[in-house]
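The following exercises ask the reader to work through a structural model step by step. Each task is followed by its solution.

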Amino acid sequence: MEKRQKNIAVCFPFKKEDVNVFARNIKEALSHERVKDVLLAGHSENETYKGIKAFVDTLSEDERSRIHIFTQKRIGSKRPGKGDGMNTAIEYFVKNTDAEYLHFYDADIKSFNKSWIDRVQKRLDDGYDVARCFYPRAYTDAMVTWNITRTGFAYTWPETILPDIEQPLGGELGMTREITQKLIVDSLVRDASDWSIDTALTIAFARYHVKLYEVYIKEGKDHKLYGKLSDLETMAVECFNIIKENKGLKIDTSGMVYEKDRVELVPAEYKTRVAFDIEGSIKEFKEGWSQEMMEIVKRYFPEHISQKVFDAVHGADYTFMDIDMWYEVYDVLMEKFDFNIKAWRRVLFKLWVLRVLNHAEIAIHDPDRALEILHRMIKFFRSRRLSKV
Ligand code: GDX
Ligand code: MG
């Protein structure tokens with residue numbers, strides 16, 4: 001059989017990670033016969049960076065020559081986060097390597113192995129421009145994806161394929177060099193220096209009309225887990241904000257090819273696994289309400305919603321944020337939310353927590369129904385907006 005040339009670069013953006021898990025992933029990537037370069041895009045020269053550098057020093061000369069370790073440049077204007085890391089890596093790939101394909105994987109994935117690279121690359125070899133991974137996830141997980149991003153896509157671009165993408169925030173994806181050349185001059189992507197990068201990339205792919213394939217990784221992404229929902233506060237807010245900022249953007253995906261793997265059966269353990277600490281999240285919802293936050297809720301949201309929110313802060317009913325009410329909330333947020341005002345960011349987070357608690361309550365008793373409601377929510381957002389435009 002003809003031996004294929006080494007033509008893939010694999011990048012791991014990283015900030016603060018378990019060095020052993022990360023080192024194992026680097027080894028996996030290096031052991032792939034087609035991986036030419038491994039790009040390690042660090043946040044800063046922190047402990048993880050030093051630990052990984054020390055690990056790289058223990059590798060063979062051939063392996064070391066294929067590793068490129070660097071810290072991220074300041075590229076975007078938002079918070080300096082994962083987006084600056086990915087954009088620095090994309091630019092590095094275009095300017096300093098000659099591999100044909102660039103893949104990204106998160107550094108903290110314990111279930112990662114080199115077959116993931118094969119599964120992504122197979123689709124690129126088949127002629128797709130971008131291949132990205134999706135996974136079975138606990139029915140109470142992916143709460144930013146469902147309630148912020150897929151709903152936001154359905155609200156803003158209802159006539160496109162964007163709301164159908166399973167994991168629009170997924171950090172595991174591969175693309176051709178041609179796509180990376182577009183990304184390094186795409187201001188929407190370059191500016192997305194924080195958690196908004198994954199959304200920015202998804203929007204960019206739609207605007208380029210790429211041939212997109214979503215690959216189902218059935219064994220799942222086993223990575224570091226969240227505790228309370230507040231671990232996701234920054235992510236939820238940044239992911240919402242990029243959609244709001246771009247709500248005027250016209251996107252037409254009619255010329256786009258989009259395919260995904262069929263999901264056979266979701267393993268039973270994902271249905272009942274609770275992805276975060278529910279009691280802790282309720283407590284967090286109740287705490288830290290400033291006068292300014294209260295005023296925002298009172299002033300901008302319909303009274304039947306604001307009253308329930310205020311009652312929930314002191315009372316025991318915090319599971320009322322169903323999909324109809326979430327649509328009403330989303331409508332207000334798309335008009336009035338102001339990222340520059342801290343109280344607004346906190347209000348968005350608190351309302352999202354209520355939405356998650358409503359879903360979690362159903363998911364604990366009837367997971368299949370809860371999942372069905374999430375799908376119905378996307379359809380509902382889409383049809384409401386289609387009937388408006
Ligand atoms: N260079 C750099 N700079 N890397 C970062 C930074 C940063 O500021 N922040 C995080 N990373 C790395 C991190 O070390 C890891 O390798 C990866 O980015 C993802 O971060 P992690 O903390 O594991 O995020 P999480 O919550 O697992 O989120 C991932 O999945 C989300 C999703 O699929 O829903 C991540 O890829 C998100 O972008 C994505 O939204
Ligand atoms: Mg992770």
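**Exercise 1: The surroundings of Arg74**

Arg74 counts as partly exposed because its relative accessibility is 47%; here buried means under 20% relative accessible area, exposed over 50%, and partly exposed in between (1.4 Å probe, protein chains only). The model is predicted: local features need pLDDT of at least 70 and side-chain atom pairs count only at pLDDT 80 or more, whereas totals for chains, interfaces and linings use all residues. Residues are numbered from 1 along each chain as its sequence is written, chains are lettered from A and ligands numbered from 1 in the order in which they are written, and side-chain values use heavy atoms, with hydrogens and water left out.

Task: Locate Arg74 and identify the partners of its side chain in polar contacts.

Solution.
1. Arg74 is placed in the loop between strand E3 (67-71) and helix H4 (82-96). Helices (H or I, at least four residues) and strands (E, at least two) are DSSP runs, numbered from the N terminus.
2. Apart from neighbours within four places in sequence, Arg74 is in contact (heavy atoms within 4.5 Å) with Arg79, Pro80, Asp84 and Ser193.
3. A polar contact is a pair of N or O atoms within 3.5 Å; within protein, one must be able to donate a hydrogen and the other to accept it, and residues adjacent in sequence count only if both atoms are side-chain atoms. The side chain of Arg74 makes such a contact with the side chain of Ser193, at 3.4 Å.
4. A polar atom of the Arg74 side chain also lies 2.3 Å from the backbone oxygen of Lys78.

**Exercise 2: The setting of Arg123**

Task: Decide whether Arg123 is buried or exposed, and list its contacts.

Solution.
1. Arg123 belongs to helix H5 (residues 114-125).
2. Arg123 counts as buried because its relative accessibility is 18%.
3. Setting aside neighbours within four places in sequence, Arg123 is in contact with Tyr128, Ala131, Tyr213, Val215 and Asp261.

**Exercise 3: The nonpolar cores**

Task: Determine which residues of the largest nonpolar core touch the most other members.

Solution.
1. A nonpolar core is a set of buried Ala, Val, Leu, Ile, Met, Phe, Trp, Tyr and Cys residues joined through side-chain atoms within 4.5 Å.
2. The largest nonpolar core has 106 residues, of which Leu183, Trp326 and Trp352 touch the most other members.
3. Helix H16 (residues 342-365) gives the most to this core, contributing 14 residues.
4. A second, separate core has 34 residues, among them Val38, Ile52, Phe55 and Tyr128.

**Exercise 4: Ligand 1**

Task: Establish which residues come nearest to ligand 1 and how much of the ligand the protein buries.

Solution.
1. There are 26 residues around ligand 1 (a heavy atom within 4 Å of it), and Pro13, Glu17, Gln72, Asp198 and Tyr226 come nearest.
2. A polar side-chain atom of Asp198 lies 2.3 Å from an oxygen atom of ligand 1.
3. Backbone N or O atoms also approach the ligand: one of Lys15 lies 2.9 Å from an oxygen atom of ligand 1, and one of Phe14 lies 3.2 Å from a nitrogen atom of ligand 1.
4. Ligand 1 taken alone exposes 750 Å², of which the protein buries 94%; accessible areas come from the Shrake-Rupley method with a 1.4 Å probe, and for residues only the protein chains shown count as cover.
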